[in-house]
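Reader: Please take me through the surroundings of the bound ligands in detail, and then through whatever parts of the fold can be described alongside them.

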Amino acid sequence: MRNRWVLITGASSGFGAATALAFAKSGANLLLGARRSAKLESVAQQAREAGAASAWVHTMDVSSSDSVSEFLTWTKTVTSQIHLLVNNAGGALGLDSVATGKDEDWETMMQTNVLGVLRVTRATLPLMLPFSDGHIINIGSIAGRVAYEGGAAYCAAKAGELQITRALRLELSGTQIRVSTVDPGLAETEFSVVRFKGDEARAAKVYDGVTPLTAQDVAEAIHWVASRPPHVCIDEMVLKCTDQAAIHKVNRKSKA
Ligand code: NDP
Ligand code: 8X3
């Protein structure tokens with residue numbers, strides 16, 4: 001990935017930050033977006049120290065078309081080509097049943113996980129299409145493949161991401177632009193703290209007695225998908241920790 005231009009959304013924490021570091025180690029140029037600029041700056045500094053050819057940051061709110069468009073206007077002042085787009089920004093809010101769900105949580109999940117992917121992809125394609133070279137990796141979830149109680153809106157949003165990935169691959173057939181989805185299961189990041197709106201004790205319980213995936217595990221998977229030769233497209237990758245045989249079947253070791 002040496003000197004390739006890699007744009008990562010949601011790069012201020014979790015998978016996005018770890019992915020930035022993974023690509024930094026292979027000498028990529030990084031364009032990092034998210035809402036928290038101080039965290040982005042810190043990830044960019046670590047990326048430079050890890051060997052990035054360059055690391056640039058700019059705030060981006062994927063739930064706003066204006067913000068996405070402004071980010072891409074800024075991007076064009078830095079580079080005329082994007083080789084890899086990682087649509088990672090997203091997450092869940094709440095674990096309410098449909099009967100008790102809140103409009104604002106549902107709307108945020110759709111805005112980030114579904115519309116955000118569409119917006120950022122539409123805005124980035126002009127920096128890929130003229131070159132017949134590029135790769136779009138969307139971050140989905142096992143939640144987009146199997147439903148669970150309290151997950152209706154999040155599962156729907158990630159199922160939406162999966163179908164966007166599939167439709168986009170068909171639309172881009174013949175361009176040599178690859179389209180992939182990487183769909184993890186339980187991984188310990190800020191995901192559950194955000195889902196439970198800052199309740200760290202409740203978030204920690206999600207991983208009780210389990211050895212979950214780490215952000216680095218997922219970043220390595222994304223890096224591997226991106227590093228296949230140009231004629232190889234990994235369409236869909238599902239990765240789970242060994243303790244999670246299925247979405248509802250999680251092996252929890254009891255405390256001694
Ligand atoms: P984190 O909460 O650690 O990271 C989420 C990232 O998304 C942050 O950088 C956050 O940045 C960014 N983000 C959220 N909303 C917006 C927005 N409106 N605009 C721009 N950036 C935004 O969680 P993960 O790293 O775990 O999550 C990354 C992706 O992986 C998400 O799409 C999530 O749904 C998915 N996923 C997570 C799994 C898990 O168990 N952890 C499993 C499967 C998939 P900021 O707040 O600074 O804007
Ligand atoms: C996050 C994984 O199973 O908590 O996408 O929804 S799960």
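Author: In this predicted model, ligand 1 is surrounded by 31 residues, and the closest of them are Ser12, Arg35, Arg36, Tyr154 and Thr189. Sorted by class, that shell is made of 13 nonpolar, 13 polar and five charged residues. Particular atom pairs can be picked out within these surroundings. The side chain of serine 13 places an N or O atom 2.9 Å from an oxygen atom of ligand 1, while the side chain of aspartate 61 has an N or O atom 2.9 Å from a nitrogen atom of the ligand. Alanine 187 takes part through its backbone, where an N or O atom lies 3.0 Å from a nitrogen atom of ligand 1. Taken alone, ligand 1 would expose 880 Å², of which the protein buries 95%. The elements that contribute two or more residues to this shell are helix 1 (14-25), helix 4, helix 5 (152-171) and helix 6 (191-195).

Tyrosine 154, listed among the closest residues to ligand 1, also belongs to the surroundings of ligand 2, which consist of Ser141, Ala143, Tyr148, Tyr154 and Phe191. By class, four of the residues in this second shell are nonpolar and one is polar, with no charged residue present. A polar side-chain atom of serine 141 lies 2.6 Å from an oxygen atom of ligand 2, and for tyrosine 148 a polar side-chain atom is likewise found 2.6 Å from an oxygen atom of that ligand. In the case of tyrosine 154, the distance from a side-chain N or O atom to an oxygen atom of ligand 2 is 2.7 Å. On its own ligand 2 exposes 240 Å², and the protein buries 86% of this area.

Turning from the ligands to the fold, strand 2 (residues 29-34) and strand 3 (residues 54-59) run parallel and are joined by six bridges. Within this pairing, alanine 34 stands opposite threonine 59 of strand 3. Between the two strands the chain passes through helix 2 (residues 37-50), and the resulting β-α-β crossover is right-handed.

Links between charged side chains add a further level of description, for the model contains 10 salt bridges. One of them brings together the side chains of aspartate 133 and arginine 4, with an N to O distance of 3.2 Å. Because aspartate 133 sits in the loop between helix 4 (103-124) and strand 5 (134-139), whereas arginine 4 is in the segment before strand 1 (5-9), this pair ties together parts that are 129 residues apart in sequence.

Notes. Residues numbered from 1 in each chain as written. Chains lettered and ligands numbered in written order. Predicted model: local features only at pLDDT ≥ 70, side-chain atom pairs only at ≥ 80, totals over all residues. Heavy atoms only, no water. Near = heavy atom within 4 Å. Polar contact = N/O pair within 3.5 Å; in protein donor to acceptor, adjacent residues only side chain to side chain. Areas by Shrake-Rupley, 256 points an atom, 1.4 Å probe, with all protein chains shown as cover. Nonpolar A, V, L, I, M, F, W, Y, C, P; charged D, E, K, R; others polar. Pairing = 2+ DSSP bridges. Helix = DSSP H or I, 4+ residues; strand = E, 2+ residues; numbered from the N terminus. Right-handed = clockwise from strand over helix to strand, strands pointing away. Salt bridge = Lys/Arg side-chain N within 4 Å of Asp/Glu carboxyl O.
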